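Hi,

Here is the structure I promised to pass on. Have a look at it first, and my notes on what turned up follow below.

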Amino acid sequence: MEFETRAIHAGQAPDAATGSVTTPIYQTSTFAQEAVGVHKGYDYARVANPTRTALEECLASLESAAHGHAFSSGLGATTTLMHLVDPGQRVVCVNDVYGGVYRMFSQVYAPKGYAFTYLPPEELSTGLAAHLDETTRLVWVESPTNPLLNVVDIHAAATAAHEVGALLVVDNTFASPFLQRPLELGADVVVHSTTKYLGGHSDVVGGFVATNDPAVSERLRFLQKSLGAVPGPFDSWLVLRGLKTLAVRMQRHCANARAVVAFLEDHPRVVDVLYPGRPSHPGHEIAARQMDDFGGMVSFLVESEDEAVDLVARTRVWTLAESLGGVESLIEHPYRMTHASTADAPFAAPRNLIRLSVGIEAAEDLVDDLAHALAAVPART
Ligand code: PLP
């Protein structure tokens, strides 16, 4: 079945007990047993819940995965994956990584004796092998990256990681499986913040991990119940509902992003536009190969930090807020907001950077609002 059909039906046959067409929210913490250990496949809701199972089956299918595991947040998924690593082992990570992941790696795991190497995206695409040794357990990649929209060659990174027996983990939050399926490109594990495009309506926080490796999946199932970072039934249901419209939403996010990029790249007060769909983008060729379209995230540079901070507060349709991937357009200043925890890192977000999560409103309204906000920026001399 095609992606759009699986997004609506995978894991979601009408409810056997009632015929309910939508998967019910099984709002229960425990399940009755006929005799000790005799039950219908569910005993306690941290271990498994039917609403969560439907989400796990549906999203695994969309990622071309045999196994899926849902978590309470993207960082809940990340910290669970970090339990595949032991102190003394190394994680090689793209340096342009989400600030919250960097904070976890640098302030939680590094002090416990885990080793981290941060590499620029181009180095992960072309020279990764030189940075790997037998202590490397994970290679951690985002593509496109948050917030600079850099692109990593997933197939090349997977080949290098496998040479030393490491697992390639790809955070697919920015692309979503509608645009990119990392497991098909050779990755071992896909991780998501379902808070973003998958939920799609800025009303839920969640995470997800997909894999085709049965041993990794078995360990993750054990870690999921043992560490306990699981989503509740209502949050699972919200993400499941979001998936049904993922395909049409992503098409509109991409079309609106193209309109916004076309406007920004001609604007005299914009210094540069970062978007993998631009032929001048350093990762354009790789993105065109491994993605079906270029996504709804756009970043751009203005002249100074002061201009950037002023501008993000001046829009009326674009809401000044952290997060991304919802139907409404959001604007933010990564250096002071989403990426404040990388501010002291050598690869801190540029101070004059603005990040846009392009929503699915009318493109004209989005462009008009940016035009109004940019009009108040003083002309460059
Ligand atoms: N990965 C990326 C690329 C993100 O942008 C985020 C959050 O912004 C996360 C992971 C963390 O997800 P969550 O906020 O759901 O914990």
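The ligand sits among Ser73, Gly74, Leu75, Tyr98, Glu142, Asn146, Asp171, Thr173, Ser193, Thr195, Lys196 and Gly206 (a residue counts as near when one of its heavy atoms lies within 4 Å of the molecule). Before you go further: this is a predicted model, where local features need pLDDT of at least 70 and side-chain atom pairs count only at pLDDT 80 or more, while totals for chains, interfaces and linings use all residues. Residues are numbered from 1 along each chain as its sequence is written, and side-chain values use heavy atoms, with hydrogens and water left out.

By class, that shell holds two nonpolar, seven polar and three charged residues (Ala, Val, Leu, Ile, Met, Phe, Trp, Tyr, Cys and Pro count as nonpolar, Asp, Glu, Lys and Arg as charged, and the others, Gly among them, as polar). As for polar contacts (pairs of N or O atoms within 3.5 Å), a side-chain atom of Asp171 is 2.6 Å from a ligand nitrogen, and a side-chain atom of Lys196 is 2.7 Å from a ligand oxygen. Leu75 joins in through its backbone, with a polar atom 2.9 Å from an oxygen of the ligand. On its own the ligand exposes 390 Å², and the protein buries 90% of that (Shrake-Rupley areas with a 1.4 Å probe).

Now the sheets. Helices (H or I, at least four residues) and strands (E, at least two) are DSSP runs numbered from the N terminus, and two strands pair if DSSP finds at least two bridges between them. One open sheet has seven strands in the order β1-β7-β6-β5-β4-β2-β3, with mixed pairing. β1 (67-71) and β3 (115-119) are its edges; each has a single partner strand, so one side of each is left without a neighbour in the sheet. Neighbouring strands here are turned by 20° against each other on average, direction ignored (axes are lines fitted to C-alpha atoms, for helices over the stretch in contact; the other angles below run from 0 to 180 degrees between N-to-C directions).

Within this sheet, β6 (189-193) and β7 (207-211) run antiparallel and share five bridges; Val191 has Val209 in β7 as its bridge partner. Helix α2 (50-62) lies across β1 and β7, at about 130° to β1. Helix α7 (214-227) lies across β1, β5 (167-171), β6 and β7, at about 25° to β1.

The other open sheet I noted has five strands, ordered β8-β9-β12-β11-β10, again with mixed pairing. Its edge strands, β8 (272-274) and β10 (319-320), each pair on one side only. Five bridges link β9 (297-301) to the antiparallel β12 (353-357), and Met297 stands opposite Ser357 in β12. Helix α9 (246-265) packs on this sheet, touching β8, β9 and β12, and its direction makes about 10° with that of β9 (contact means heavy atoms within 4.5 Å).

Finally, some backbone geometry to look at. Most residues other than glycine have a negative phi, and most peptide bonds are trans. Ser143 and Pro144 are joined by a cis peptide bond, with omega about -10°, and so are Asn146 and Pro147, with omega about 15°. Pro144 lies in the loop between β4 (136-142) and α6 (154-163), and Pro147 also lies in the loop between β4 and α6. Asn146 is also one of the residues around the ligand. Ser64, in the loop between α2 and β1, has a positive phi, near 55°.

Cheers

Methods
Polar contact = N/O pair within 3.5 Å; in protein donor to acceptor, adjacent residues only side chain to side chain.
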